[in-house]
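Got a model open and wondering what sits behind the labels people put on it? Let's take them one by one.

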Amino acid sequence: MSLRTTIAATAAALSLALPVAASAAELKVAYVDLQKVMLEVDDGKAAKSRLQKWLDDRQKEIDKEQNALRAEKETLDKQASAMSAEIKAQKEAELQRKVMLLAQKWEKSRAEAANKEQQEMKPIIDKIDSIINTIAERDDLGFVLERRDSGIVYARSQHDISNEVIRAYNSSKKTAAKDAPTKK
């Protein structure tokens, strides 16, 4: 590459970089830790509690069925020597079928849990997004990044708006409760 070509390429790059650098100086950026916000807003805590209770109930059902199957297997193992090969094979096949049904129930329960979590969290996430938009507009932020998914390796805590989002969310619930009509 000749000197003239190098100078021309450098000049072109600088002419493109200077306006970007100038606008970057005006650009305000913040970040939010959505996971923290979800766990600390009052509605998020309540939703997590409801989900955990639902999961615990399902786990108790599955544990109860699993214990029943274990007891059935132990009984089968004890009585196996007194059974004919055909009856033993039939009982083992029936037990195996029950085990498969329990595994399917467990998988179905996991899918239901994911669906239930999504249903519980969607309105909360929508409201959090609205609050973030309000804060971004008010503070003239060009970007609000999610701390975990954005690839942020380091950011000053002064740019973290997570606590502000939590306060705004929780105070909006209290304001809405005060403004709600009372029954007479």
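Q: What makes the pattern of the protein chain along the sequence α-β-α-α-α-β-α?
A: Helices (H or I, at least four residues) and strands (E, at least two) are DSSP runs numbered from the N terminus. The protein chain has five helices and two strands, and reading along the sequence gives α-β-α-α-α-β-α.

Q: Before we go on, what kind of model is this, and which residues count?
A: It's a predicted model, where local features need pLDDT of at least 70 and side-chain atom pairs count only at pLDDT 80 or more, while totals for chains, interfaces and linings use all residues. Residues are numbered from 1 along each chain as its sequence is written, and side-chain values use heavy atoms, with hydrogens and water left out.

Q: Why is Asp 33 called buried or exposed?
A: Buried means under 20% relative accessible area, exposed over 50%, and partly exposed in between (1.4 Å probe, protein chains only). Asp 33 has a relative accessible area of 9%, so buried is the word. You'll find Asp 33 in the loop between S1 and H2.

Q: And why is Glu 146 called buried or exposed?
A: Glu 146 comes out at 17% relative accessible area, so this residue is buried too. Glu 146 lies in strand S2.

Q: What about Leu 145, and why does it get its label?
A: Leu 145 has 31% relative accessibility, so the label is partly exposed. Leu 145 is also found in strand S2 (residues 143-146).

Q: How do you know which residues Asp 33 touches?
A: Contact means heavy atoms within 4.5 Å. Not counting residues up to four places away in sequence, Asp 33 touches Glu 146, Arg 147, Arg 148, Asp 160 and Ser 162. Seen from the other side, and again leaving aside neighbours within four places, Glu 146 is in contact with Val 32, Asp 33, Leu 34 and Gln 35.

Q: What makes a polar contact for the side chain of Glu 146?
A: A polar contact is a pair of N or O atoms within 3.5 Å; within protein, one must be able to donate a hydrogen and the other to accept it, and residues adjacent in sequence count only if both atoms are side-chain atoms. The side chain of Glu 146 reaches the backbone nitrogen of Leu 34 at 2.9 Å. The backbone nitrogen of Asp 149 also lies 2.9 Å from a polar atom of the Glu 146 side chain.

Q: Which polar contact does the side chain of Asp 43 make?
A: The side chain of Asp 43 pairs with the side chain of Tyr 169 at 2.7 Å, a polar contact. Asp 43 is placed in helix H3. Leaving aside neighbours within four places, Asp 43 is in contact with Ile 124, Tyr 169 and Lys 173.

Q: What makes a nonpolar core, and which members touch the most others in the largest one?
A: A nonpolar core is a set of buried Ala, Val, Leu, Ile, Met, Phe, Trp, Tyr and Cys residues joined through side-chain atoms within 4.5 Å. The largest has 19 residues, and Val 37, Ile 124, Ile 128 and Val 165 touch the most other members. Strand S1 (29-32) and helices H2 (34-40), H3 (42-79), H4 (85-138) and H5 (162-179) each supply at least two residues of this core. H4 gives the largest share, seven residues. Apart from this core lies another, of six residues, among them Ile 62, Leu 76, Met 83 and Leu 102.
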